Amino acid sequence: GNLRTALAAYASVRARGGTFLIRFEDLDMHNANMANAQQQLDDLASIGIVADENPVVQSERFALYHEAIAQLTEQGLTYECFCTRKEILEAAQAPHGGQVMYPGTCRDLTETERAQRREARPGALRLRASGATETFTDFIHGTVTGPVDDVVLRRNDGVPSYNIAVVVDDALQGITEVVRGDDLLEVTSNQVHLQKLLGYSTPVYGHVPLVVGDDGERLAKRHGAVTLADLDAQGISATQVTQTLWASLGQVGDTFLWDGVPRQPWVPPLTHGKS
């Protein structure tokens with residue numbers, strides 16, 4: 001799935017004569033390591049994808065994210081939140097089966113109430129979205145309008161969140177086009193809102209449908225051969241993988257066209273469910 005999305009991103013920017021960038025979003029440093037990062041670069045190179053610049057590594061850029069969070073705080077746009085994930089899920093309702101919106105439990109606490117909660121656990125820092133909505137353009141989904149959540153900007157362990165990190169990095173890297181899986185479509189309105197609050201431009205997005213197994217679930221090891229090494233062991237070359245991914249994106253010939261990309265998840269023929 002990651003290779004397919006990367007191929008779409010690479011081909012799209014090449015068709016426009018642009019610069020292709022890769023970023024390692026390793027904010028969860030407990031599960032990230034540079035050996036895995038190098039393997040990802042090697043896999044991409046094997047299907048002809050090479051970045052035009054050295055990849056940015058988010059774990060090395062925390063100061064930039066904290067600076068942006070401080071700017072939002074100075075504008076009165078943040079507040080402490082002491083809720084656990086379980087408490088949020090119990091209190092929130094997902095609109096039409098979509099993203100779970102923060103129910104606002106800690107939004108209007110008094111300073112005394114905040115002090116009491118700090119004694120029990122450290123607080124995270126959330127964006128005060130005030131019920132905003134945002135609209136953005138997507139190559140596949142067209143014009144999309146979505147609600148803005150009171151997203152976490154800084155976790156209670158002090159680590160900046162994904163939402164603030166990608167917004168800052170997109171701006172500082174001059175990103176004009178973002179291509180990623182459509183599991184992130186619903187959170188994009190949050191990022192667009194942050195872009196506006198911080199005075200950044202909004203890129204055009206391309207949210208590519210996910211790769212799934214025979215059971216309709218996101219592709220994983222349980223579905224069989226899912227990595228290039230797995231497929232190579234079965235005698236399937238990187239060239240064959242590239243050709244299959246290209247066809248799965250609805251492309252014919254050498255020029256990438258977004259109109260050809262299917263709007264439904266893709267079940268790859270190179271993997272087979274395990275019984």
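These legends go with close-up views of a predicted model.

**View 1. How far to trust the chain.** Mean pLDDT for the chain comes out at 90, with 91% of residues at 70 or more. The stretch to watch is residues 271-275, where pLDDT stays under 50. The model still gives that stretch 12 contacts beyond four places in sequence. Where pLDDT is low, don't read the predicted coordinates in detail.

**View 2. A three-stranded open sheet.** The strands line up as S3-S4-S7, with antiparallel pairing. S3 (78-81) and S7 (152-154) each have a single partner strand, so each is left with one side that has no neighbour in the sheet. From one strand to the next, the twist averages 45 degrees. Zoom in on S4 (residues 124-127) and you'll find two bridges linking it to S7. Leu125, for instance, has Arg154 of S7 as its bridge partner.

**View 3. Helix H3 against the sheet.** H3 (residues 62-74) packs here, touching S3, S4 and S7. The direction of H3 makes about 120 degrees with that of S7.

**View 4. The largest nonpolar core.** This core has 28 residues, and Phe20, Ile49, Leu249, Phe256 and Trp258 touch the most other members. Helices H1 (2-15), H8 (228-233) and H9 (238-248) each chip in at least two residues. H1 gives the most, with eight.

**View 5. Around Phe256.** Leaving out residues up to four places away in sequence, Phe256 touches Ala8, Ala11, Ser12, Ala15, Trp246, Leu249, Gln251 and Val261. Apart from the largest core lies another one, of 21 residues, including Phe62, Tyr65, Leu127 and Ile164.

How values were computed: Residues numbered from 1 in each chain as written. Predicted model: local features only at pLDDT ≥ 70, side-chain atom pairs only at ≥ 80, totals over all residues. Heavy atoms only, no water. pLDDT = per-residue confidence, 0-100. Contact = heavy atoms within 4.5 Å. Pairing = 2+ DSSP bridges. Helix = DSSP H or I, 4+ residues; strand = E, 2+ residues; numbered from the N terminus. Axes fitted to C-alpha atoms, helices over the stretch in contact; angles between N-to-C directions. Core = buried A, V, L, I, M, F, W, Y, C linked by side-chain atoms within 4.5 Å. Buried < 20%, exposed > 50% of the residue type's maximum accessible area, 1.4 Å probe, protein only.
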